[in-house]
Amino acid sequence: MFEYCPAIAEQVKLALGDEALSISVQERAQWFSCYFTTKKHLSIFRAAGVVLLILAFTVPVALLLGFLGALGKASRWPVISQICSLYVIMVRGIPDIIFFLFVPLTIEIGIEYVMHSFVYCRDSAEPFFNGINIQPCSEAAIIPTQFNRIVLAVVAYGIVFGSFAANIIDGALKAVPFGQRETGSAFGLSQRQVFFDIHLPQMWRYALPGFSNLWLILIKATPLLFLLGIQDIIYYADLLGKMATRRYSTYPHGDWKLWYFIALGIFYLALTMLSQLVFTRLERRFNKGMVINETTSGRV
Amino acid sequence: MPSADTSAPDPTPDPAPDAATGPASDAAPIIALAGIEKSFGSLDVLKGVDLEARRGDVVAMIGSSGSGKSTLLRCVNLLEVPERGEITIAGEAITFTNKGPARVPSSAGQVNRIRADLSMVFQQFNLWAHLSILENVMLPQRRVLKRDRAQARQRAMETLDRVGIADKADAYPSQLSGGQQQRAAIARALAMDPTALLFDEPTSALDPELEGEVLRVIKSLAEENRTMLLVTHDMRFARDVADKVVFLHQGRIEEEGTPAEIFDSPKSERLQQFLSASDHR
């Protein structure tokens, strides 16, 4: 990346072999600037970006599933309400790790099955389920690219955290005093208008503390990404922190795992603290005019 | 009164007696309830109530707690659906489907139209907590009457000025006293330019020193010849503003008449008891 890199790398490499030879602070800084920008090292920054990307895309998916789950639970039709209740109970009750192994796999197999049976290999004599083996034909097989894995990760996180979100939204919707909604109806607002103009805006205030917790749990669940075969920041921290010998590395160093893991801790801490800041602001915004333990609740 | 219990929902209202003269005719009641029955589970709250309010009438409903007066008021705008009986608003009969506890209005559109025409003021004010006072008064105008922002805002400021809290337009309900909140709720109701106003114990949640400001506003509305239905505990106030007083007892109208008839020469024993008990309030 920098022109001085080969020279400085060579110099420090030699210096490490000879303790007597000291190197200046400036040279040390130059060496680090080179070390941090090697192709190998850049991948940990990319991995951090992938974590943030997955977090960013999981939120809308989880919120969408949360709303569907919460509204579905309250549905008039028993079939829908039972499916949604089952979703919330099952996903909340099964350990995350099992779900992260299960959901992407089923989605993958499901897509492959559809592709195999209905799109690509309709004429193929090979059955999809061959005994206990699953054998999609070559066109239908999903290649585990990084993109596919990220999509699967977002879906898996979305389903798991959507069920928690559903519970939070369900509780928050019920927490809005009935009188607030009834008054909307009394003025001739339609059900839909009551929901979007009164119920939903007031719900956030009750949902926000729960969402704040859930978001932190989601951040802290990202290390599970390795289960999906995504080489995440922890994988790279472990890899880059290992001792690099002079023989094999342009940038040799000792066992730096401790420092890498401290850096990871700081990364997560910074992320969660920043989130807290944002949530505090959101709470202030949604609290506007709202009073806790409101006496004007009317009928519940 | 033609039966509204026809099996097929009829979108056109029954031809009311005033069809020729138009709904503005003084002869046609704005609100007409006939044979209203309502129960909650095994508790019969209303046992066949008839009630009429003509244009400009101020009808006060009195009675002890549990007499069914609030439920009756809530039947007028269908917040409660009576199991039996007919409701006719400005000549338009509300159509129902099903019978008994499952009875529901046939048309949500008709219900919303009628509700928009009958603004309600609640005991607990029920201002929308997440909106400013101005936004509270504007919201139903914008959504139901489809007024544009400028129109709704202008009408809101007029009505807020009318109840004397125009300076609080940008405050949130929680920042106002109970009396101010109830006046804002009245402004919100007025801004809909309704045919009739419904008041459900508008001062019962207020401290005695705040009652006065709300009562003055309601009284000034009564003097404007507005059609008003009023549930109240305040006998002096009922006497002061009402053209007609209805005394409910155990889900039936025990006695009704002018304030003078009801308060000065009550006929039934129940009303005499009720009045002597409430004198001490």
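The questions and answers below concern a predicted model and look at its chain contact, a helix pair and two sheets.

Q: Which elements give two or more residues to the side of chain A that touches chain B?
A: In this predicted model, 21 residues of chain A are in contact with 23 residues of chain B. By class, the chain A side divides into seven nonpolar, ten polar and four charged residues. The elements of chain A that give two or more residues to that side are helix H7 (178-186) and helix H8 (191-221).

Q: At roughly what angle do the axes of H6(A) and H8(A) cross?
A: Helix H6 (residues 146-175) of chain A meets H8(A) in a crossing that is right-handed. On the H6(A) side the contact includes Tyr157(A), Phe161(A) and Phe164(A), while the residues of H8(A) that take part include His199(A), Met203(A) and Tyr206(A). The residues of this contact divide into 15 nonpolar, two polar and no charged. The two axes come within 8 Å and cross at roughly 145 degrees.

Q: On which residue is the kink in H6(A) centred?
A: H6(A) has 30 residues and reaches 42 Å from its first C-alpha to its last, which is close to the 44 Å expected at 1.5 Å a residue. The helix nevertheless has a kink of about 30 degrees, and the residue at its centre is Gly162(A).

Q: Why is one side of E8 and of E12 in chain B left without a neighbour in the sheet?
A: The open sheet of six strands in chain B has mixed pairing and the order E8-E9-E10-E3-E11-E12, with a twist that averages 20 degrees from one strand to the next. Strand E8 (118-121) and strand E12 (252-257) stand at the edges, so one side of each lacks a neighbour, because each has a single partner strand.

Q: Which residue of E10(B) stands opposite Val58(B)?
A: Strand E3 (residues 58-62) of chain B and strand E10 (residues 227-231) of chain B run parallel and are joined by four bridges. Opposite Val58(B), the residue in E10(B) is Met228(B).

Q: Which residue of E5(B) is the bridge partner of Thr88(B)?
A: An open sheet of four strands in chain B, with antiparallel pairing, has the order E2-E1-E4-E5, and its edge strands are E2 (43-54) and E5 (92-93). Strand E4 (residues 84-89) of chain B pairs with E5(B) over two bridges. The partner of Thr88(B) in E5(B) is Ala93(B).

Q: At about what angle to E1(B) does helix H1 of chain B run?
A: Helix H1 (residues 69-76) of chain B lies across E1, E2 and E4 of that chain. Relative to strand E1 (29-40) of chain B, H1 runs at about 120 degrees.

How values were computed:
Residues are numbered from 1 along each chain as its sequence is written. Chains are lettered from A and ligands numbered from 1 in the order in which they are written. This is a predicted model: local features need pLDDT of at least 70, side-chain atom pairs count only at pLDDT 80 or more; totals for chains, interfaces and linings use all residues. Two residues are in contact if their C-beta atoms, placed from the backbone, lie within 7 Å. Ala, Val, Leu, Ile, Met, Phe, Trp, Tyr, Cys and Pro count as nonpolar, Asp, Glu, Lys and Arg as charged, and the others, Gly among them, as polar. Axes are lines fitted to C-alpha atoms, for helices over the stretch in contact, and angles run from 0 to 180 degrees between N-to-C directions. A crossing is left-handed if the near helix is turned anticlockwise from the far one by less than a right angle, and right-handed if clockwise. Two strands pair if DSSP finds at least two bridges between them. The expected span of a helix is 1.5 Å times one less than its number of residues. The bend at a residue is the angle between axes fitted to the seven residues ending there and the seven starting there.
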